Amino acid sequence: MNQNEELAVAQMRRAVHKLGSSTEGYGDTTLKRFLVARSFNIDKAAKMFVQWRNWRASFVPLNHIPESQIGDELQQNKIFLQGLSPAGNPVVAVKVHRHVPGKDQLQFKKFVVHLLDKTIASGFREKEIGNEKLVAVLDLQKLAYKNIDIRGMITGFQFLQDYYPERLSKCFLLNMPGFFVRVWRLISRFLEKATLEKIVIVSNEEERRALIREVGADVLPEEYGGQAKFILIQDFQLNNKPLEEKTLLT
């Protein structure tokens with residue numbers, strides 16, 4: 001970090017303390033993500049950090065979501081954790097047509113946290129640095145009206161924006177059917193400009209080549225132009241350690 005960023009981080013630590021919270025245990029790199037997310041507005045970044053800490057303490061008291069709490073969502077076999085991109089970012093793929101919207105919104109929210117935590121943790125080197133980002137590939141092929149879950153998609157993106165600031169590197173939308181265009185326009189209204197700028201709707205060969213370059217042919221599944229097989233998130237091993245043993249600061 002440069003001197004201006006170091007000063008901003010120091011000021012943010014003081015601002016967090018004034019709000020009755022603490023930054024103890026969190027490195028400068030982690031705090032910088034909150035500053036970037038709030039355009040280096042010290043007070044807004046400090047408020048966001050405090051809100052995140054309070055949310056994390058209440059919603060994820062174990063600092064991880066056990067698979068036993070999200071069994072219905074995992075059984076749909078819709079999330080795949082593929083490994084690291086050339087830039088070192090973990091790649092998560094979603095077969096959206098396998099998603100069946102459920103009535104248990106709490107379980108779905110826990111599922112979102114579980115997949116984001118595990119995806120980010122797969123990018124750690126020994127321990128979290130604080131600036132790890134992920135690449136998401138959302139496959140909309142075979143999508144039917146029964147799979148449409150506007151509230152679920154908004155929840156996923158809002159969790160990223162509110163509780164995982166600057167964790168998204170890029171999000172690719174593949175095989176978007178014509179009827180989904182109007183749905184996406186509605187969802188887009190709930191997304192911040194910074195998030196929208198990271199989303200790429202793959203609709204031509206040039207964008208598909210960009211997808212392969214960004215994700216990496218060795219981790220991108222074959223049906224998307226890569227060379228890899230799909231790896232279900234529940235089958236992906238985090239350096240032979242279970243999720244609860246990883247240090248998750250998000």
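Contact here means heavy atoms within 4.5 Å. Keep that in mind for the views below, which all come from a predicted model where local features need pLDDT of at least 70, side-chain atom pairs count only at pLDDT 80 or more, and totals for chains, interfaces and linings use all residues. Residues are numbered from 1 along each chain as its sequence is written, and side-chain values use heavy atoms, with hydrogens and water left out.

**View 1. The whole protein chain, before we zoom in.** Look at contacts between residues at least 6 apart in sequence: 76% of them join residues at least 24 apart. The C-alpha trace spans about 50 × 40 × 35 Å along its principal axes. The radius of gyration (taken over C-alpha atoms) can be checked against a globule rule, 2.2 Å times the number of residues to the power 0.38. For 250 residues a compact globule would come out near 18 Å, and the protein chain has 18 Å, so the two agree. Of those 250 residues, 51% count as buried, where buried means under 20% relative accessible area, exposed means over 50%, and partly exposed is in between (1.4 Å probe, protein chains only).

**View 2. Helices and strands along the protein chain.** There are nine helices and five strands to find. Helices (H or I, at least four residues) and strands (E, at least two) are DSSP runs, numbered from the N terminus. Walk along the sequence and you meet them as α-α-α-α-β-β-α-β-α-β-α-α-β-α.

**View 3. Strands E1 and E2 make a hairpin.** E1 covers residues 79-84 and runs antiparallel to E2, with five bridges joining them. Two strands pair if DSSP finds at least two bridges between them. To get your bearings, find Leu-81, which stands opposite Val-92 in E2. Five residues sit between the strands of this hairpin, and Gly-88 takes a positive phi near 90°.

**View 4. Strand E2 on its two faces.** E2 is residues 90-95, and six of its six residues are buried. In a regular strand the side chains alternate between the two faces of the sheet. Here Pro-90, Val-92 and Val-94 point one way, while Val-91, Ala-93 and Lys-95 point the other way. Yes, Lys-95 is on the buried list too!

**View 5. Strand E3 alongside E2.** This time the pairing is parallel: E2 and E3 (residues 134-139) share five bridges. Ala-93 stands opposite Val-137 in E3, a handy landmark. E3 is mostly covered, with six of its six residues buried. Leu-134, Ala-136 and Leu-138 point one way, and Val-135, Val-137 and Asp-139 point the other way.

**View 6. Thr-23 in a loop.** You'll find Thr-23 between helix H1 (3-18) and helix H2 (28-37). Thr-23 has a relative accessible area of 9%, so this loop residue counts as buried. Who does Thr-23 touch, once neighbours within four places in sequence are left aside? The contacts are Arg-13, Val-16, Leu-31, Phe-49 and Arg-53.

**View 7. Glu-5 in helix H1.** Glu-5 has its place in helix H1. With a relative accessible area of 16%, Glu-5 is buried. Not counting residues up to four places away in sequence, Glu-5 touches Lys-32 and Phe-40. Now look for Asp-28: it is 23 residues from Glu-5 in sequence, and the two sit 9.2 Å apart in space, C-alpha to C-alpha.
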